[in-house]
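Trainee: I have a chain to look at and some basic questions about how it is put together. Can we go through it step by step?

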Amino acid sequence: MRVSNFWTLMEDEFGSGYAYVLANQLALTSLGGRTVNEALADHFEPREVWGAVCDAQDVPAERRLGKDVAPASGRDPVIDG
């Protein structure tokens, strides 16, 4: 996962304003008490940081991969073949 994907997930889940507040203030015990920003600065993998945020904030499993995005053409490749 790229850092840009991480921030997309954060913004989608928590909103564009609160995501950055959370990143500065939430101490992640599974990452040694670091905040999101500290963990990323300390070169933790964004996927690991995202998992720690999801665990700490009780993000349900069905939302941990991000929002479902419809295909650009408007077609569903499974249904429309």
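What follows is a set of short questions and answers on this predicted model.

Trainee: Which secondary structure elements does the chain have, and in what order do they run?

Mentor: The model is predicted, so keep that in mind throughout. The chain has 5 helices and 0 strands. From the N terminus on, the order is α-α-α-α-α.

Trainee: What percentage of the residues in the chain is buried?

Mentor: The accessible surface of the chain is about 5500 Å², and 50% of that belongs to carbon and sulfur atoms. A residue counts as buried under 20% relative accessible area. Of the 81 residues in the chain, the buried share is 28%.

Trainee: What share of the contacts with a separation of 6 or more is between residues 24 or more positions apart?

Mentor: Take the contacts in the chain with a separation of 6 or more as the whole. Residues 24 or more positions apart then account for 43%.

Trainee: Are helix 1 and helix 4 roughly parallel or roughly perpendicular?

Mentor: Helix 1 covers residues 3–14 and helix 4 covers residues 46–56. Their axes come within 9 Å and cross at roughly 20 degrees. Angles under 35 degrees count as roughly parallel. Helix 1 and helix 4 are therefore roughly parallel.

Trainee: Is the crossing of helix 1 and helix 4 left-handed or right-handed, and which residues of helix 4 make the contact?

Mentor: The crossing of the two helices is right-handed. Helix 1 brings Val3, Phe6, Leu9, Met10, Glu13 and Phe14 to the contact. The residues of the contact divide into 9 nonpolar, no polar and 1 charged. On the helix 4 side, the contact is made by Pro46, Val49, Trp50 and Val53.

Trainee: Which helices do the buried residues of helix 4 pack against?

Mentor: The buried residues of helix 4 are Pro46, Val49, Trp50, Ala52, Val53 and Cys54. These buried residues pack against helix 1 and helix 3.

Trainee: How is helix 1 oriented to helix 2, roughly parallel or roughly perpendicular?

Mentor: The axes of helix 1 and helix 2 come within 8 Å. They cross at roughly 110 degrees. Angles of 65 to 115 degrees count as roughly perpendicular. Helix 1 is therefore placed against helix 2 as roughly perpendicular.

Trainee: Which residues of helix 2 make the contact with helix 1?

Mentor: From helix 1 come Trp7, Met10, Glu11 and Phe14. The contact residues of the pair divide into 8 nonpolar, no polar and 1 charged. From helix 2 come Tyr18, Ala19, Tyr20, Leu22 and Ala23.

Trainee: Is Leu28 buried or exposed?

Mentor: Leu28 is found in the loop between helix 2 and helix 3. Its relative accessibility is 1%. The cut-off for buried is under 20%, so Leu28 counts as buried.

Trainee: What separates the C-alpha atoms of Leu28 and Val49?

Mentor: Leaving aside neighbours within four places in sequence, Leu28 is in contact with Gly33, Arg34, Thr35, Val36, Val49, Ala52, Val53 and Ala56. Leu28 and Val49 are 21 residues apart along the chain. Their C-alpha atoms are separated by 8.5 Å.

Trainee: Where is Thr35, and is Thr35 buried or exposed?

Mentor: Thr35 sits in the loop between helix 2 (18–25) and helix 3 (36–41). Not counting residues up to four places away in sequence, Thr35 touches Ala23, Asn24, Gln25, Leu26 and Leu28. At 11% relative accessibility, Thr35 counts as buried.

Trainee: What is phi of His43?

Mentor: His43 lies in the loop between helix 3 and helix 4. At 70% relative accessibility, His43 counts as exposed. Its phi is positive, in a residue other than glycine, and is near 70 degrees.

Trainee: Which residue with a positive phi follows helix 4?

Mentor: Look in the loop between helix 4 and helix 5 (77–80). The residue there counts as exposed, at 64% relative accessibility. Its phi is about 55 degrees, although it is not a glycine. The residue is Asp58.

Terms used: Residues are numbered from 1 along each chain as its sequence is written. This is a predicted model: local features need pLDDT of at least 70, side-chain atom pairs count only at pLDDT 80 or more; totals for chains, interfaces and linings use all residues. Side-chain values use heavy atoms; hydrogens and water are left out. Axes are lines fitted to C-alpha atoms, for helices over the stretch in contact, and angles run from 0 to 180 degrees between N-to-C directions. Helices (H or I, at least four residues) and strands (E, at least two) are DSSP runs, numbered from the N terminus. Angles under 35 degrees count as roughly parallel, over 145 as roughly antiparallel, 65 to 115 as roughly perpendicular and the rest as oblique. A crossing is left-handed if the near helix is turned anticlockwise from the far one by less than a right angle, and right-handed if clockwise. Contact means heavy atoms within 4.5 Å. Ala, Val, Leu, Ile, Met, Phe, Trp, Tyr, Cys and Pro count as nonpolar, Asp, Glu, Lys and Arg as charged, and the others, Gly among them, as polar. Buried means under 20% relative accessible area, exposed over 50%, partly exposed in between (1.4 Å probe, protein chains only). Accessible areas come from the Shrake-Rupley method with a 1.4 Å probe; for residues, only the protein chains shown count as cover.
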